[in-house]
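Let's take a walk through this structure together, starting with its pockets and ending at a single residue. Have the sequence handy as you read.

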Amino acid sequence: MKKIIIIIAAALVCLAAVGTVLLCEKHETASDAAKNITVGWNLGNTLDSNGDWIGMYTDGLPENYETAWGNPVTTPELIAAVKAAGFNAVRVPVTWREHIDESGNIDPAWLGRVTEVVDYVIEQDMYCVLNVHHDSGGGGWLRATPECYAESSAKFAALWKNIAEHFKDYGDKLIFEGFNEMLDSENRWGGAGSEAEYKAHNDFNQLFVDTVRATGGNNTQRNLMLQVYSGVCGEGALENFVLPQDSAQGHLMIQVHCYDPQPFTWTSVDYAAPRYDWGSDSDKQQLDDIFRRLSELSERCGAPLVIGECGADYKESEAARKAYVTYFLSCAKAADIKCFWWDTGAMSLFDRESCTELYPEITDIIDELT
């Protein structure tokens with residue numbers, strides 16, 4: 001009888017070990033997700049659209065917000081067209097502030113529409129990155145300041161608790177991103193004004209991780225994206241970024257944004273004249289330096305890094321834009337960093353009404369180099 005008990009006990013130990021292994025293998029790590037993402041696309045200026053005027057001068061329905069900044073209602077056909085062009089990940093920026101109360105409770109109609117769009121992506125077997133977008137940034141209620149953390153951390157945690165609980169049964173293809181381009185009290189883009197503001201930024205990232213993990217389900221192992229201060233690639237923002245502590249091992253990713261040099265990639269900026277050329281030795285050196293810094297950050301933190309926003313406006317100088325995109329993506333490929341194109345306005349690669357490509361030569365370059 002003792003032998004039988006010993007055998008049964010040993011078998012149970014083995015089964016428990018196997019179960020633990022299976023549980024670990026069930027969820028894709030952040031490194032594996034970063035490897036499996038080829039190239040991403042942003043559903044920009046859509047669910048992230050916001051403004052008091054929308055509620056004042058429209059019916060305030062989800063579709064009124066979704067179309068407020070000039071894009072049509074998103075369709076499954078659009079997401080399918082994006083996939084057909086070679087993208088296998090979609091970042092879905094969402095602004096929640098006009099759809100939540102002071103306790104972080106979300107308007108069911110808005111959450112329902114966000115869910116529909118997330119499902120469009122998941123049903124195409126693509127990665128979906130869901131975030132909190134213009135709730136932070138220049139006009140947002142989330143700031144990288146100790147005062148804001150004291151006043152708004154509870155609301156921020158409640159918002160993420162509600163989002164995470166709603167999606168906790170979704171699989172590994174759904175990735176959460178805590179917030180977008182959080183700025184300090186003076187809206188500094190290049191870097192925060194003090195150590196205390198960098199700390200507040202890092203504290204919000206830590207709170208995001210802790211809140212999502214506490215909701216259980218697949219969220220205990222879900223891959224999460226954390227942005228550096230303002231999303232910028234500057235030395236100060238990268239050096240002061242602290243990867244949060246996490247109860248899950250290997251499930252955090254770092255995100256930055258890169259539109260450098262902005263006088264070329266954007267139609268206009270307020271600090272320099274627009275540029276229509278790109279490709280000098282100094283231009284290339286600028287990108288080389290950026291990708292070196294990004295690789296160093298990833299290595300220091302022991303976490304994969306992605307560029308969550310990048311791109312270049314059409315300026316009737318396609319030769320220069322093609323040269324830029326080619327060099328940019330070549331640098332990213334060499335550094336094993338995946339990129340998400342920001343698609344809206346002059347940066348758009350798709351006609352969202354007809355679900356067709358606007359600049360096939362650019363999407364061909366993207367597909368070839370990713």
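## The largest pocket

By class, the lining of the largest pocket is made up of eight nonpolar, eight polar and four charged residues. Keep in mind that you're looking at a predicted model.

How many residues line the largest pocket? There are 20 of them, and E181, W189, Y259, Q262 and W266 are the ones that lie nearest its centre. As for room inside, the volume of the largest pocket comes to about 470 Å³.

## The second largest pocket

Next up is the second largest pocket, which holds about 150 Å³ of space. Its lining counts 14 residues, with L243, G250, H251, L252 and G302 lying nearest the centre.

What classes do the lining residues of the second largest pocket fall into? Eight are nonpolar, five are polar and one is charged.

## A look at T145

Now let's zoom in on one residue. You'll find T145 in the loop that runs between strand 3 (127–131) and helix 7 (146–167).

Is T145 buried or exposed? T145 counts as buried because its relative accessibility is 7%, and the cut-off for buried is under 20%.

So who keeps T145 company? Setting aside neighbours within four places in sequence, T145 is in contact with D184, S185, E197 and A200. There's also a link closer along the chain: the T145 side chain reaches the backbone nitrogen of C148 at 2.9 Å.

Conventions. Residues are numbered from 1 along each chain as its sequence is written. This is a predicted model: local features need pLDDT of at least 70, side-chain atom pairs count only at pLDDT 80 or more; totals for chains, interfaces and linings use all residues. Side-chain values use heavy atoms; hydrogens and water are left out. On a 1 Å grid over the protein atoms alone, a cavity is a set of points where a 1.4 Å probe fits but cannot get out, and a pocket is an open set with protein on both sides within 12 Å along at least five of seven lines; lining residues have an atom within 4 Å of a point. Grid points are joined across faces, edges and corners, and a volume is the space filled by probe spheres set on the points. Ala, Val, Leu, Ile, Met, Phe, Trp, Tyr, Cys and Pro count as nonpolar, Asp, Glu, Lys and Arg as charged, and the others, Gly among them, as polar. Helices (H or I, at least four residues) and strands (E, at least two) are DSSP runs, numbered from the N terminus. Buried means under 20% relative accessible area, exposed over 50%, partly exposed in between (1.4 Å probe, protein chains only). A polar contact is a pair of N or O atoms within 3.5 Å; within protein, one must be able to donate a hydrogen and the other to accept it, and residues adjacent in sequence count only if both atoms are side-chain atoms. Contact means heavy atoms within 4.5 Å.
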